[in-house]
Protein chains: 2
Amino acid sequence: MNKAKWIWYRGDFEIYHHMLLSCRRQEYGCDYPCQWHISRPEVSASFVKDFTAERDGVVRVVTRSKGMIRFGGKLHPVNEELRVPAGEHRIVVELYDIEKFPSFFIDSDVLVTDETWIAECFDRAPVPVGWKPGFFSAGDDPSVFPFEYADISPVSSEKIEGGILYDFGRETFGPVTVQIPAGERATLVYGESRAEATDPENALVRETLNSSDDPVRPARAFRYIYVKSENAEKIGVSAQYEYLPIEDRASFSCDRELVNRVWDLCAYTFHLNSREFFLDGIKRDRWVWSGDAYQSYMIARYLYGDPSVSERTIVALLGKPPYRTHVNTINDYSAYLIISVWEHYFAGGDQEFLRSVWPRVKELYAFIVSRLDENGFVVHRQGDWIFIDWGVLDKEGAHCAEQILLWRTHLAMAQLSEVLGETPEADYQKSAAKLYDKIYEYFWDGEKGAFIDSFTSGRRFVTRQTNVFAVLFDFADGEKRKSVIENAILDPDLPQITTPYFKLYELMALCKIGMLGTAQDYIESYWGGMLREGATSVWEAYDPTQKGEEHFAMYGSAFGKSLCHAWGSGPILLLSRWCAGVYPTSVGGETFRVEPKPGKYRSFAASVPIGSGKVRLRYSAPQITVETDVPGGTFVCGDAETPLEPGRRYVFKLNKS
Amino acid sequence: MNKAKWIWYRGDFEIYHHMLLSCRRQEYGCDYPCQWHISRPEVSASFVKDFTAERDGVVRVVTRSKGMIRFGGKLHPVNEELRVPAGEHRIVVELYDIEKFPSFFIDSDVLVTDETWIAECFDRAPVPVGWKPGFFSAGDDPSVFPFEYADISPVSSEKIEGGILYDFGRETFGPVTVQIPAGERATLVYGESRAEATDPENALVRETLNSSDDPVRPARAFRYIYVKSENAEKIGVSAQYEYLPIEDRASFSCDRELVNRVWDLCAYTFHLNSREFFLDGIKRDRWVWSGDAYQSYMIARYLYGDPSVSERTIVALLGKPPYRTHVNTINDYSAYLIISVWEHYFAGGDQEFLRSVWPRVKELYAFIVSRLDENGFVVHRQGDWIFIDWGVLDKEGAHCAEQILLWRTHLAMAQLSEVLGETPEADYQKSAAKLYDKIYEYFWDGEKGAFIDSFTSGRRFVTRQTNVFAVLFDFADGEKRKSVIENAILDPDLPQITTPYFKLYELMALCKIGMLGTAQDYIESYWGGMLREGATSVWEAYDPTQKGEEHFAMYGSAFGKSLCHAWGSGPILLLSRWCAGVYPTSVGGETFRVEPKPGKYRSFAASVPIGSGKVRLRYSAPQITVETDVPGGTFVCGDAETPLEPGRRYVFKLNKS
């Protein structure tokens with residue numbers, strides 16, 4: 001028999017924990033619910049298993065839900081012994097759970113709960129049950145997310161006016177424990193910066209407690225904890241780091257020490273934001289945004305080579321139909337989600353996961369398509385947010401970047417339906433081809449040699465963002481691609497991209513067109529700049545012209561900026577993908593390429609996960625040593641290609657590029 | 001200012017309480033979840049109000065939910081004082097509630113929560129908030145349904161083997177309180193009958209308790225409570241009757257004492273089943289079934305003349321889209337629900353309620369239409385249950401009765417959309433007309449002079465059920481109607497209807513074609529028969545050929561039959577509608593007819609609610625006295641019509657009919 005595991009209606013685990021997560025943001029003493037519809041898990045579900053008991057046995061359905069068992073033509077209560085005679089049986093467990101979600105566990109000699117059970121929610125076709133690592137014994141509880149904890153202590157404390165300031169040495173996340181003696185009160189101010197912690201009025205997270213409050217406070221982001229109390233020295237403060245036990249399968253170091261520190265900064269930042277799902281930032285918003293997550297999936301594929309957080313995030317963001325608004329209310333974010341599903345499948349090759357989300361992907365796609373205009377363009381409809389990026393974009397009428405995302409979405413649907421052997425009802429490929437022509441017809445400006453943002457406004461603005469997408473998503477090719485690069489991407493007179501979010505897309509596009517050096521420079525100036533400012537995790541944004549506390553302000557709040565933002569971990573992706581140069585060329589990395597480019601580095605060492613294996617590289621100009629532990633690899637240098645046999649060490653001479 | 005009231009996202013109250021209700025059935029010590037998808041309330045909602053404060057004031061958002069207030073450009077916590085300066089303001093309250101549903105209350109000099117607030121669930125257009133009577137002060141809690149309670153005591157107790165049997169004298173519903181001394185245990189067996197209570201193995205509801213369990217047990221149905229314990233005499237037993245404070249606006253009595261007792265039995269049964277929503281039965285299933293509810297709406301319009309339970313039931317049954325199965329999984333039950341919405345509107349004229357459910361009605365209709373066949377017929381699709389009635393129906397292929405319901409549904413959609421001033425996107429009227437022709441083409445059997453059940457099977461069965469619908473829903477008219485009556489409804493050789501559920505439709509049809517006397521006879525034989533068997537509420541079914549405990553068995557269980565079933569209250573409808581003869585002829589009863597027919601009764605007295613008023617009748621052959629307190633009435637006797645002026649007493653001579 002398989003290992004016994006807690007099982008539930010597939011998706012409920014993610015939906016439930018995403019619901020909790022979406023309600024955890026706090027600001028200025030307020031609980032700040034997220035600004036879009038939150039899906040709830042199922043109230044009830046039915047679980048079926050046909051099995052053969054080799055001998056007489058006893059089964060116990062262990063559950064915190066309520067319900068009953070249909071077995072042997074009778075009803076039986078849960079959490080009690082059920083005698084199972086040897087022979088062939090069907091068992092049906094019907095559960096409801098008003099507070100959490102229906103889940104249960106059987107571990108016996110004759111029957112266990114495992115992935116072979118089938119679940120039904122009464123209004124949908126039966127599907128395989130859901131389960132997750134971490135829930136393998138009767139005492140486990142799937143409504144409690146299985147984080148791990150490590151004690152952490154302040155590295156220093158400091159008496160300041162009105163209390164004591166504790167510094168934990170670096171950005172962290174977890175529950176703080178405060179022991180308040182009877183009769184005492186204290187205000188706890190959380191700070192990602194010293195300035196924030198010592199400014200109770202403007203700090204985002206603060207709370208006033210007395211001795212009867214739970215001493216263990218909810219897990220939150222902080223580096224500093226300011227205990228404001230007349231008797232602060234009597235108040236014990238300790239904390240735990242709450243984290244996922246997920247290991248890095250990637251590493252990178254080079255001859256530039258600053259770059260190595262940036263890598264570590266990025267990896268740590270990424271771990272802090274890898275929780276139930278990929279967060280945007282651990283202090284703010286503490287929500288799951290599909291655009292941010294899209295970048296996180298790409299980073300995670302390189303840093304972790306582990307699909308678990310990405311899968312949970314995709315399931316949480318898909319939520320439950322009906323789709324009445326775009327994901328996070330943003331048109332582009334729905335598109336990223338569908339594109340993500342394809343890219344996730346391509347990287348991991350998990351058809352079973354794909355099948356489980358496919359019905360929702362189709363519904364989301366249908367929602368997108370239902371709101372297109374007569375040209376098949378994405379346009380602004382009631383409730384929409386055409387985002388793409390902050391900054392000077394011309395969003396009047398249909399925006400070109402949205403159309404490129406839509407085109408990529410049509411293609412992703414075509415790719416996905418092909419994998420699943422479905423004859424697409426709507427011909428996705430045809431939709432993509434038609435849109436391709438329309439985009440050229442309406443958005444290509446022959447004089448400017450680039451795509452314009454809007455044909456409606458008459459302004460014919462060319463922006464980096466739109467043209468970055470044309471290259472990044474392989475929309476422009478041949479002469480048009482060259483033109484876009486020359487006339488938009490490399491045009492110094494176009495407004496610069498100022499958000500780190502879109503900057504990652506730009507750097508990816510630059511790497512893609514061979515300008516790794518520009519990305520390498522930017523890593524040292526932008527990420528290195530933050531390090532010089534004392535950052536212990538990557539900030540949401542960094543402007544080198546700002547001074548002191550100016551760095552912490554954003555969205556009109558003195559400490560509104562997140563100092564630990566997932567999208568800042570992009571260097572992991574840039575260095576693994578374009579410097580180490582490892583990337584899959586077929587589903588699941590069954591074939592892959594190793595095309596290293598040292599760029600400005602004289603030496604580097606990298607490990608990069610691919611499929612179930614790893615590529616190890618060690619470069620010291622001009623030689624590179626390459627080793628893989630899985631088949632399918634090809635070393636590429638210019639036009640020369642060399643198949644890589646697993647377990648063999650290859651030494652190549654590398655042209656600097 | 002309006003009276004302050006708790007407010008929430010409209011529908012959440014019903015959805016929440018329906019969720020709880022759907023999880024309360026118990027059988028044989030098991031919790032028995034209902035067998036269809038259960039909707040959940042919203043996790044989060046946003047509430048907006050633009051208002052003018054005449055002077056400076058203080059507002060407190062009282063809530064058990066979590067969230068924040070957007071006011072004056074800042075965030076503010078809930079449950080704290082918020083200063084509101086004189087002037088014009090917008091206040092936004094954003095709440096989430098993982099456990100219940102978001103709701104809150106403001107009562108102040110400058111602002112109150114009332115029906116003028118607007119709610120938003122982020123993915124839908126803003127709508128007026130929901131509220132209900134019973135939640136008018138800060139201490140109220142909308143997650144607790146506002147039942148009323150009356151102490152009730154056993155009328156007798158009896159020592160029997162192993163314990164004490166308490167008899168509460170009649171069927172009732174509510175929490176039983178058992179005081180179990182420390183160290184003692186007791187098994188509580190609930191019985192609608194003495195036989196059930198004293199048969200712990202086969203009784204549907206039983207539980208074993210010890211002194212540490214909550215002495216107040218969940219509200220359940222019972223007449224008898226058997227306390228099985230070695231020391232039963234030490235265990236205190238008391239109970240409360242849990243009920244809605246809803247008054248009868250109808251009354252009926254006649255010269256047949258048995259009929260008067262039937263009326264009382266029916267009224268009491270109906271009250272027991274009128275709870276958060278209309279139940280099918282209070283012991284089993286304790287669920288809300290749309291077909292059962294359809295009959296209850298009709299009965300309630302006469303007995304209560306109060307729309308509140310019907311409204312809640314309609315909202316609960318509509319639940320939340322998407323619709324992936326029919327209501328209660330039954331095709332006919334979806335149709336009844338839409339027809340009910342029309343009939344409910346016609347009786348009460350509440351356009352505001354209609355507007356609030358209309359989007360869901362349209363979605364449900366779209367679901368129905370999406371599953372029709374190429375002829376526009378309802379056919380069995382995956383997950384469907386073509387019910388109509390138990391008994392010998394020919395359900396191969398499209399069934400005629402389903403088509404008649406669909407035809408009525410198309411018409412109801414046409415009527416509803418006309419009221420709301422919508423140009424129906426799908427031409428409902430046209431759909432009805434097309435279906436009308438198709439039904440005659442495929443189901444009318446000229447030789448048999450009646451509608452056949454199925455044209456697919458080739459058996460050309462004629463059943464009462466189908467032809468009852470043809471008359472009841474005014475599908476057949478003119479010669480066809482006469483033929484249906486003669487060749488089906490009055491044909492003694494056709495199989496009899498055996499279920500009390502469908503029997504009510506048949507009796508309604510018989511009354512409609514002028515055969516009140518048959519219904520009057522049936523009231524005395526069927527309902528009177530139950531009374532003779534000692535019923536204290538109307539049973540789910542009654543077969544006079546059964547003896548003793550045979551009456552209590554159903555669905556293969558010794559006590560599976562519900563002894564308190566709402567559909568048994570039909571005589572209320574029959575006597576009010578066809579004997580007293582009061583019925584609306586325009587929306588809200590603005591015009592109505594009084595067309596009394598004594599049938600077999602030599603005298604009767606009746607009060608019948610109509611619109612906001614009442615009609616009082618007193619008949620003693622051959623004279624009838626009629627009085628109304630609202631305008632719009634017309635007295636009808638044969639071809640003679642007399643307008644009824646409110647407040648005037650009329651005396652007419654009535655032909656026996």
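Biologist: In this predicted model, what do the buried residues of H3(A) pack against?

Modeller: The buried residues of H3(A) pack against strands E15 (163–174), E20 (236–243) and E21 (251–254), and against helices H4 (290–303), H13 (516–532) and H14 (570–579), of chain A.

Biologist: Which residues of H3(A) are buried?

Modeller: Among them are Val259(A), Val262(A), Trp263(A), Leu265(A) and Phe270(A). His271(A) and Asn273(A) are buried as well. To be called buried, a residue needs 20 or more other C-beta atoms within 10 Å of its own.

Biologist: What span is expected for H3(A), and what does the helix reach?

Modeller: H3(A), residues 257–273, has 17 residues, and at 1.5 Å a residue 24 Å is expected. From first C-alpha to last the helix reaches 25 Å, close to that value.

Biologist: Why are H4(A) and H14(A) called oblique to each other?

Modeller: Their axes cross at roughly 55° and come within 8 Å. Roughly parallel means under 35 degrees, and roughly perpendicular means 65 to 115. The angle fits neither class, so H4(A) and H14(A) are oblique. The crossing is left-handed.

Biologist: Which residues make that contact?

Modeller: From H4(A), Gln295(A), Met298(A), Ile299(A), Tyr302(A) and Leu303(A); from H14(A), Gly570(A), Ile572(A), Leu573(A), Ser576(A) and Arg577(A). By class, six are nonpolar, three polar and one charged.

Biologist: At what angle do H12(B) and H13(B) cross?

Modeller: The axes of H12(B), residues 500–512, and H13(B), residues 516–532, cross at roughly 145° and come within 7 Å. Leu507(B), Leu510(B) and Cys511(B) of H12(B) meet Leu516(B), Thr518(B), Ala519(B) and Tyr522(B) of H13(B). These residues divide into six nonpolar, one polar and no charged.

Notes:
Residues numbered from 1 in each chain as written. Chains lettered and ligands numbered in written order. Predicted model: local features only at pLDDT ≥ 70, side-chain atom pairs only at ≥ 80, totals over all residues. Helix = DSSP H or I, 4+ residues; strand = E, 2+ residues; numbered from the N terminus. Expected span 1.5 Å × (residues − 1). Buried ≥ 20, exposed ≤ 12 C-beta atoms within 10 Å, placed from the backbone. Contact = placed C-beta atoms within 7 Å. Axes fitted to C-alpha atoms, helices over the stretch in contact; angles between N-to-C directions. Parallel < 35°, antiparallel > 145°, perpendicular 65-115°, else oblique. Left-handed = near helix turned anticlockwise from the far one by under 90°. Nonpolar A, V, L, I, M, F, W, Y, C, P; charged D, E, K, R; others polar.
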